Amino acid sequence: MTPHPALRLSDRIAERLADPARVSAEWSSRPQWRQSLAHGAPGIALLHIERAATGRGPWEPVRGWLSVATGSPVTSGADSYLYFGAPALAHALTCTAQARPGSFQRALDHLDEVITADAVRRCEQAEARMEHGELPRLAEFDTIRGLAGIGSVLLRRVPAGMAIRRVLACLVRLTEDVKHDGQVLPGWWTLAGPSGEVDGRFPGGHANSGLAHGIAGPLVLLALALRRGVEVDGQREAISTVLAWLERWRDGHAWPYWVTPAHLTGPDCRPLAPQRPSWCYGTAGIARAQQLAALALDDQRLRHDAESALATALVDPKTLATITDLSACHGHAGLAHIAQRAATDASPRNGGRLRSATALLLDTIHPPHVDPDEQARHILATAGPAFLEGAAGTALALLAPATGSTPATRWDTCLLTS
């Protein structure tokens, strides 16, 4: 495959982010800069790790960014999660070791112990909460801050360990219905708003659907573990429970970001206004989650439905009009990456549709006759250098779709898209 011209944009961004010293103090002075996968050095390191692993760039920027990430004591325990502290650093170092086997082995062994202990503590807290009949917080189970994210690190690092099985068992219990104030609710219902804080706009709370903060994260972890042969009692049933919930609320090729008590007391399905089909919320993340679950269960009908929903959403003008940036989290680059990932696992027919959608997305990201250097400069100035919502993530998410490949370092396990 001839690389798409959008690859030039990815290259220009990477060149501008090669030296940590060139990043403005507006970013490098922030408290999370050294340890945040979303907003700091570990996330930017992922871009250069993948480039070096595929021969598109040198290893010197990797060393520079990892030096920043390890330049202070690493946060562990209650204040750490996939996107901050020990798990974030473990993810970056594991991606490096994927390309250079044996590198950082002592550091990774230590991080494995730290993350395992934290996972067990989190499971103990979740189990105690369940025993008391209380509803969970999003940060207990989601991808960004919760067990789904921590579990993704354990599944990659120590898949035969006790801790990942403990996490899976907790997530299985999470899918069991609970009774609250006389109403039967899914076990992942939270009394908070989507921010994780009490929100007057959400009286009675909500059930979050998203891959970043909702039940799609646990769904993917349960499915990925099953595909790797890591299974606990009730895991298949839990996957089916979540899939049935998502199917109940699906409207064509879209899902609501969340379900509220008003939805439960009204019609089961209501027409949705066009919603952003992003990784964090919406069709892209949820459809990829369903595809991975279908592959785990060997459910060909579900697989076709998920792939078709994603392919349809990615060429729907009204749906695409809701995308306003290029980011990995909720922008065009993230959509292109997910489409490429899904196409690799899709049936031949849907794979063709998804590859066509990917090409259209790449044309949107980097239109003909646009100067990639000027575009890179603009993205850095407006979105900043970071991974999740900024330039580094845009550049990284472009690599696989622009070259028709899959990530060499599996960097996107932090997105739970693989």
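A nonpolar core is taken here as a set of buried Ala, Val, Leu, Ile, Met, Phe, Trp, Tyr and Cys residues that are joined through side-chain atoms within 4.5 Å. In this predicted model, the largest such core comprises 141 residues, among which Tyr83, Trp279 and Leu388 touch the most other members. Helix 10, spanning residues 216-227, contributes the largest share of this core, namely 9 residues. In soluble globular proteins, nonpolar side chains tend to be buried together.

Enclosed empty space was examined next. A search of the whole structure returned 3 cavities of 30 Å³ or more, and the largest cavity holds about 50 Å³ of space. The lining of this largest cavity is formed by Leu82, Ala90, His91, Thr94, Ser152, Val153, Arg156, Arg157, Thr413 and Cys414. At least two of these lining residues are supplied by each of helix 5 (86-99) and helix 8 (147-157), and the greatest contribution, 4 residues, comes from helix 8. In character, the lining of the largest cavity is mixed, with 4 nonpolar, 4 polar and 2 charged residues.

A further position considered was Gln125, which is located in helix 6, a helix that covers residues 105-131. The relative accessible area of Gln125 is 47%, and this residue is therefore classed as partly exposed, since the exposed class requires a value over 50% and the buried class a value under 20%. Along the chain, Gln125 and Pro203 are 78 residues apart, and their C-alpha atoms are separated by 25 Å.

Notes
Residues numbered from 1 in each chain as written. Predicted model: local features only at pLDDT ≥ 70, side-chain atom pairs only at ≥ 80, totals over all residues. Heavy atoms only, no water. Buried < 20%, exposed > 50% of the residue type's maximum accessible area, 1.4 Å probe, protein only. Helix = DSSP H or I, 4+ residues; strand = E, 2+ residues; numbered from the N terminus. 1 Å grid on protein atoms, 1.4 Å probe; cavity = no way out; pocket = protein on both sides within 12 Å on 5 of 7 lines; lining within 4 Å. Points joined across faces, edges and corners; volume = space filled by probe spheres on them. Nonpolar A, V, L, I, M, F, W, Y, C, P; charged D, E, K, R; others polar.
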